[in-house]
Amino acid sequence: MLSTKAVLNNHAWPLQEIFNVYNKASFERKVNEILASAAEFKTIDLTTATESDQLQWLAEFARLDIAFDTLESALKLANVQHEIWIDETKSGSVMAELEKVLASSTECFITWMEQCSASAGWPTWAVQLKLEFVSDDNSLAGSFCGKKYSPRHFIDQLKQIIKPSGDGCIPINLQKRCTKMGWNSGDQIARLLLSDKAANYHPYFSRYIINNKSDITDVRLAESKPWGDFKFNFDEAIGIIIACFKQLDSDLSTMIDQAIVQGRIKVSHSSLSNSFCMDTPVGSFISLQFNGGLSDLALLAHECGHLIHQQVIRNKFQLAQNVNEELSETIAIFFESWVVKYWGELTGNEIVATAWEHHRDIEWQGRHSMLANFELSLYQQEKFSVKELDRLWREVNHRFYGSSVTLNQNFSQQWLTLTHILHSPFYYLIYPSASLKAKRYMKEPMDVLSMLERF
Ligand SMILES: [Zn+2]
């Protein structure tokens, strides 16, 4: 039987043990090892090398990349939980410096890798590595750091990323997102404008309005309240998830079992902690705000969905960093819906489970479209000011929630929390389409397995 109690009592990942076991070295020694192996790349010239030498260096590069990723993720996770064995002030600069050294030492190797063609004699892993390497953009730094911005700072950043695109032009950042996802940008804009005008969601919110008018904070609170009536402790929640995943495939539940045994799932009751699932070469780490309601069960299932997706990619690819974001959210949303449905059937709460799904549709398809709409409206601005952003933010929310929902003064600067706008433009667009795809998988759940196998 799994002992989850240890994780709950510590509220911490056993990072030092996990990373040391895998690294077989202390943190500082690992930095030096990486530096030493990077230095070996400096002088090599593979253009005239034998095939066996080329393969040896390819394998060496994969090891170097994994060593760096392991260290980097250990640092990020250690910073999240303020581990005393990490000097937080120094760690960022150590990694930045290390990254610089790595980039310059491997420059020749990288040029060779980009220009060479995989030889017919290469084993599959090497061919795969070359393919991965070319598309490895190392962009998955994760958004879990939860950096806080002042309004001034946010607007300064905004000015840097938003370039005037002229009247009627599609913002370049939206075009980039659409290209990445294989979408037509014109279709996306049309969809956004349509979803905004429809005001489809007013009847849903009207049920939470008392005396013709309610404040948004009260509406959001009333909206989340019913799910808190269903109680789960962590062991029960994870037990439901494991049993549910096992029905689809026992490999899925084994991945969750392993994460628990290794202490990679950390829960906290604090409303200040972020929930995320972070991919590392030694397995995915979950941080979860867990207060024991139905929403918490679903959130745990969502993060476990990310864990499975990341693990499947890690098992197959060596550099393993290019997670397709839409696919990742599709899988996570599918697993959260699937687990709630399973729980509903198990406990005779099918009606609750259906209501839950409807409520999530509004969150993913409605509210996230509204957020993307707000972002789009920023690109039509000539000047940015706190006042103007407040006005746009209130306007877009007003259209979504309807005129019976009042927006208090504190609500004005809530746009400050939308840091995706700065770090990952038009990320909000991913959720509505991921949610629609997840719904299709709900009808044919076995298709999720064949999709995972195709990686
Ligand atoms: Zn997610």
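Me: How should the site of the zinc ion be classed, given the angles among its 4 donor atoms?

Reply: For reference, ideal angles are 109.5 degrees for four tetrahedral donors, and 90 or 180 degrees for six octahedral ones. Four donors count as tetrahedral if all angles lie between 85 and 135 degrees; four count as square planar and six as octahedral if opposite donors are over 155 degrees apart and all others between 65 and 115; anything else is irregular. Here the angles among the 4 donor atoms run from 50 to 147 degrees, and the zinc site is irregular. The model is predicted: local features need pLDDT of at least 70, side-chain atom pairs count only at pLDDT 80 or more, and totals for chains, interfaces and linings use all residues. Residues are numbered from 1 along each chain as its sequence is written, and side-chain values use heavy atoms, with hydrogens and water left out.

Me: Which protein atoms are the donors of the zinc ion?

Reply: Donors are N, O and S atoms within 2.8 Å of the metal (3.2 Å for Na, K and Ca); water is not among the atoms, so sites may look incomplete. In this model the protein donors are NE2 of His-302, NE2 of His-306 and two OE entries from Glu-329, at 2.1 to 2.8 Å from the zinc ion. Along the chain the donors follow the spacing H-x3-H-x22-E. His-306 in helix H15 (residues 294–316) and Glu-329 in helix H16 (residues 325–347) are 23 residues apart, a pair that links distant parts of the chain. Helices (H or I, at least four residues) and strands (E, at least two) are DSSP runs, numbered from the N terminus.

Me: Are His-306 and Glu-329 buried or exposed?

Reply: Buried means under 20% relative accessible area, exposed over 50%, and partly exposed in between (1.4 Å probe, protein chains only). His-306 has a relative accessible area of 8%, so it is buried. Glu-329, with 6%, is buried as well.

Me: How many salt bridges does the structure hold?

Reply: Side chains of opposite charge can pair when their charged atoms come close. The rule for a salt bridge is a side-chain nitrogen of Lys or Arg within 4 Å of a carboxyl oxygen of Asp or Glu. The structure holds 16 of these salt bridges. One of them joins Asp-361 and Lys-439, with the closest N and O atoms 2.9 Å apart. That pair links distant parts of the chain, as Asp-361 is in helix H17 (residues 350–378) and Lys-439 in helix H20 (residues 430–443), 78 residues apart. Asp-361 is buried at 19% relative accessible area, while Lys-439 is partly exposed at 26%.

Me: Which salt bridge partner does Arg-152 have?

Reply: Arg-152 pairs with Asp-156, and the closest N and O atoms are 4.0 Å apart. Both residues lie in helix H8, 4 residues apart, about one turn of the helix. Arg-152 is partly exposed, with a relative accessible area of 48%; Asp-156 is partly exposed too, with 37%.

Me: Which residues are linked with Glu-363 in a network of salt bridges?

Reply: The network links Arg-220, Glu-223, Glu-363 and Arg-367. Within it, Glu-363 and Arg-367 form a salt bridge whose closest N and O atoms are 3.1 Å apart. Glu-363 and Arg-367 are 4 residues apart in helix H17, so about one helical turn separates them. Both Glu-363 and Arg-367 are buried.

Me: Which way do the side chains of strand S2 point?

Reply: In a regular strand the side chains alternate between the two faces of the sheet. In S2 (residues 265–268), Ile-265 and Val-267 point one way and Lys-266 and Ser-268 the other way, and all are buried. Two strands pair if DSSP finds at least two bridges between them. S2 pairs with strand S4 (residues 285–289) in the parallel sense over 4 bridges, and the bridge partner of Ile-265 in S4 is Ile-286.

Me: How many aromatic pairs does the rule count?

Reply: Rings of Phe, Tyr and Trp (its six-membered ring) pair if their centres lie within 6.5 Å; planes under 30 degrees apart count as stacked, over 60 as edge-to-face and the rest as tilted. By this rule there are 25 aromatic pairs. Phe-61 and Phe-109 are stacked, at 5.0 Å centre to centre and 20 degrees between the planes. Phe-61 lies in helix H4 (residues 51–80) and Phe-109 in helix H6 (residues 107–115), so the pair ties together parts that are 48 residues apart in sequence. Phe-334 and Phe-335 are edge-to-face, at 5.1 Å and 70 degrees. Ring pairs also link Tyr-201, Tyr-204, Phe-205, Tyr-208, Phe-400 and Tyr-401 into a cluster.
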